[in-house]
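Me: I have a structure to go through at the bench. Please take my questions one at a time and keep the replies short.
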Protein chains: 2
Amino acid sequence: MSFPPRYRTPRARSRVEAAGAESRAKAVRAAIELFSTAGYRGTSIALVAEKADLSQSGLLHHFPNKAALLAAVLEHREAEDGRFLAGTDDRPPLGWAAFDALTSLVARNSTRPELVGLFVRLSAEATESGHPAHAWLLDHYTSTRNWLTDAIRDGQQRGEIHPDAPVAVLVRLTIATLDGLQQQWLLDTGGTDMVADFTTFVSGLRTQWDVK
Amino acid sequence: MSFPPRYRTPRARSRVEAAGAESRAKAVRAAIELFSTAGYRGTSIALVAEKADLSQSGLLHHFPNKAALLAAVLEHREAEDGRFLAGTDDRPPLGWAAFDALTSLVARNSTRPELVGLFVRLSAEATESGHPAHAWLLDHYTSTRNWLTDAIRDGQQRGEIHPDAPVAVLVRLTIATLDGLQQQWLLDTGGTDMVADFTTFVSGLRTQWDVK
DNA sequence: GTCTATATTTTGATAGAC
DNA sequence: GTCTATCAAAATATAGAC
């Protein structure tokens with residue numbers, strides 16, 4: 001984990017605590033909205049506070065500083081993702097099914113421009129090694145890459161994906177496609193269909209590396 | 001053009017003008033370096049000035065404001081690109097040759113992390129409609145898309161690329177791949193080989209859509 | 001063309017009352 | 001938990017001397 005959890009594990013709350021938690025959650029939502037359009041650097045905590053109907057100090061009561069707010073945002077995002085890719089089952093999708101799961105993820109993302117914006121902007125910002133989300137970003141890419149690598153390898157072992165498929169390259173290309181499509185989708189005035197495009201990409205992979 | 005040119009067209013300069021132009025160019029170079037790591041929003045003009053061995057006001061003598069500095073940076077980038085994709089010939093590469101030209105571009109980029117960083121960061125920042133580089137970014141994507149679209153269509157007409165190839169989708173996927181690989185390349189500690197990955201992508205396209 | 005000095009705003013953060 | 005008041009630092013920009 002790149003950021004230590006600042007939420008306590010859920011438990012029964014007194015009424016006062018519940019009110020506080022609500023403000024906090026409101027602040028996180030506001031931060032997501034603003035970070036996703038102006039980025040982390042581009043949004044002031046004052047603006048987040050305003051959007052959350054709090055004073056600046058009221059906001060800073062919940063987070064020691066701006067970086068902590070970002071940490072909470074990232075945490076929330078991961079939680080909302082809720083291990084989406086793990087599938088509704090307990091078992092993660094493997095082989096080509098992993099690509100289907102990714103397609104579902106794209107479909108879901110295309111209804112959530114805020115989350116896409118958040119990710120695209122933070123990904124670019126946090127490439128810098130000093131950025132407060134740098135560790136998170138590294139972790140995100142590493143785990144995504146590992147997950148997809150394992151899925152493809154499993155497909156090869158089960159004779160579903162061709163053994164000659166260059167796994168590492170395909171993993172990087174797939175992730176690149178996902179990221180790049182999001183970038184274009186954000187920029188476009190609604191013209192591009194991420195799902196259709198990614199589907200085409202996947203079917204290209206299949207025609208080349210499917211064992212049939 | 002999204003930004004009006006602020007450089008005059010080259011001509012003979014007096015010695016005083018030459019000194020001024022040198023400071024200006026130095027500032028642009030410094031700005032590129034800083035924008036490419038911390039982004040536009042993340043770098044102050046004071047820092048750019050320092051890196052260019054100028055006072056802040058000395059820098060602002062050449063550019064009315066920060067946005068103008070950014071405009072000069074973008075202009076410089078386009079100039080340095082020097083219509084790289086147009087090829088060394090007078091004629092732009094068409095059909096599969098366009099993808100070879102893109103591969104060359106990737107190879108060139110992989111020796112210039114500053115330019116890649118600049119583009120990746122600005123692309124993400126400038127997705128926002130209020131950003132000073134927003135128009136530039138739109139223009140950049142539009143012209144790239146048009147160029148590649150025309151190249152593929154030409155390949156189809158000459159019987160080099162399969163007529164059933166979904167041109168618009170391939171264009172978006174190719175651009176997405178380029179952008180996404182740059183993102184990963186920036187993040188990585190030197191592990192990924194953009195050129196090799198993109199080459200694999202292109203050969204995938206060829207095996208699927210080449211007319212042979 | 002370049003500098004020093006300064007004005008103005010914005011930002012992140014703290015202190016302390018309620 | 002939330003607010004008002006306040007601070008110190010940083011950032012953009014301008015004025016005017018040289």
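Me: Before the details, is this model predicted or experimental, and what pLDDT do local features need?
Reply: The model is predicted. Side-chain atom pairs count only at pLDDT 80 or more. Local features need a pLDDT of at least 70.

Me: Which element gives the most to the surface near DNA strand D?
Reply: Three helices each supply at least two residues of that surface. They are α1 (15-38) and α3 (56-62) of chain A, together with α3 (56-62) of chain B. The top contributor gives four residues, and it is α3(A).

Me: Which residues come nearest to DNA strand D?
Reply: There are 16 residues around the strand. By class, the surface has three nonpolar, 12 polar and one charged residues. Those that come nearest are Ser23(A), Ser55(A), Ser57(A), His62(A) and Gln56(B).

Me: What share of the atoms of DNA strand D within 4 Å of the protein do sugar and phosphate account for?
Reply: Start with two contacts to phosphate oxygens. A polar side-chain atom of His61(A) lies 3.4 Å from one, and a backbone N or O atom of Ile45(B) lies 3.0 Å from one. Counting the atoms of strand D that come within 4 Å of the protein, the sugar and phosphate share is 54%.

Me: Which residue has a polar side-chain atom 3.0 Å from a base oxygen of DNA strand D?
Reply: Here the partner on the strand is a base oxygen. The protein side is a polar side-chain atom, at 3.0 Å. The residue is Ser57(B).

Me: How much area do chain B and chain A bury between them?
Reply: The size of an interface is often given as the accessible area lost when the parts come together. In this model, 40 residues of chain B are in contact with 40 residues of chain A. Carbon and sulfur atoms carry 61% of the buried area. The total is about 3200 Å².

Me: Which three residues supply more of the area that chain B buries against chain A than any other three?
Reply: Together they supply 19% of the area that chain B buries against chain A. The three are Arg172(B), Gln184(B) and Leu187(B).

Me: Which element gives the most to the side of chain B that touches chain A?
Reply: The rule finds 10 residue pairs in polar contact across this interface. On the chain B side, the elements that give two or more residues are α1 (15-38), α6 (113-125), α7 (134-157), α8 (167-187) and α9 (194-209). By class, that side has 16 nonpolar, 15 polar and nine charged residues. The top contributor, with 13 residues, is α8(B).

Me: How many salt bridges does the rule find across the interface of chain B and chain A?
Reply: One pair between the chains is Asp188(A) with Arg145(B), the closest N and O atoms being 3.6 Å apart. Over all chains, the search finds 18 salt bridges. Across the interface of chain B and chain A, the number is four.

Me: Which residue forms a salt bridge with Asp197(A)?
Reply: Asp197(A) lies in helix α9 (residues 194-209) of chain A. Leaving aside neighbours within four places in sequence, its contacts include Leu181(A), Thr192(A) and Val169(B). The salt bridge has its closest N and O atoms 2.5 Å apart, and the partner is Arg172(B).

Me: Is Arg172(B) buried or exposed?
Reply: The cut-off for buried is under 20% relative accessible area. Asp197(A) is at 1%, so it counts as buried. Arg172(B) is at 15%, so the answer is buried.

Me: Is Asp53(A), the partner of Lys26(A) in a salt bridge, buried or exposed?
Reply: The closest N and O atoms of Lys26(A) and Asp53(A) are 3.2 Å apart. The pair links helix α1 to the loop between α2 and α3 of chain A, 27 residues apart. Lys26(A) is partly exposed, at 33%. Asp53(A) has 60% relative accessibility, so the answer is exposed.

Me: What phi does Asp53(B) have?
Reply: Asp53(B) is found in the loop between α2 (45-51) and α3 of chain B. It is not a glycine, yet its phi is positive. The value is about 55°.

Me: Which residues are linked with Asp154(A) in a network of salt bridges?
Reply: The side chains of Asp154(A) and Arg158(A) meet at 2.1 Å, N to O. Arg158(A) is partly exposed, with a relative accessible area of 45%. The residues linked with Asp154(A) in the network are Arg158(A) and Glu160(A).

How values were computed: Residues numbered from 1 in each chain as written. Chains lettered and ligands numbered in written order. Heavy atoms only, no water. Near = heavy atom within 4 Å. Polar contact = N/O pair within 3.5 Å; in protein donor to acceptor, adjacent residues only side chain to side chain. Nonpolar A, V, L, I, M, F, W, Y, C, P; charged D, E, K, R; others polar. Contact = heavy atoms within 4.5 Å. Buried area = accessible area lost by both parts, 1.4 Å probe. Buried < 20%, exposed > 50% of the residue type's maximum accessible area, 1.4 Å probe, protein only.
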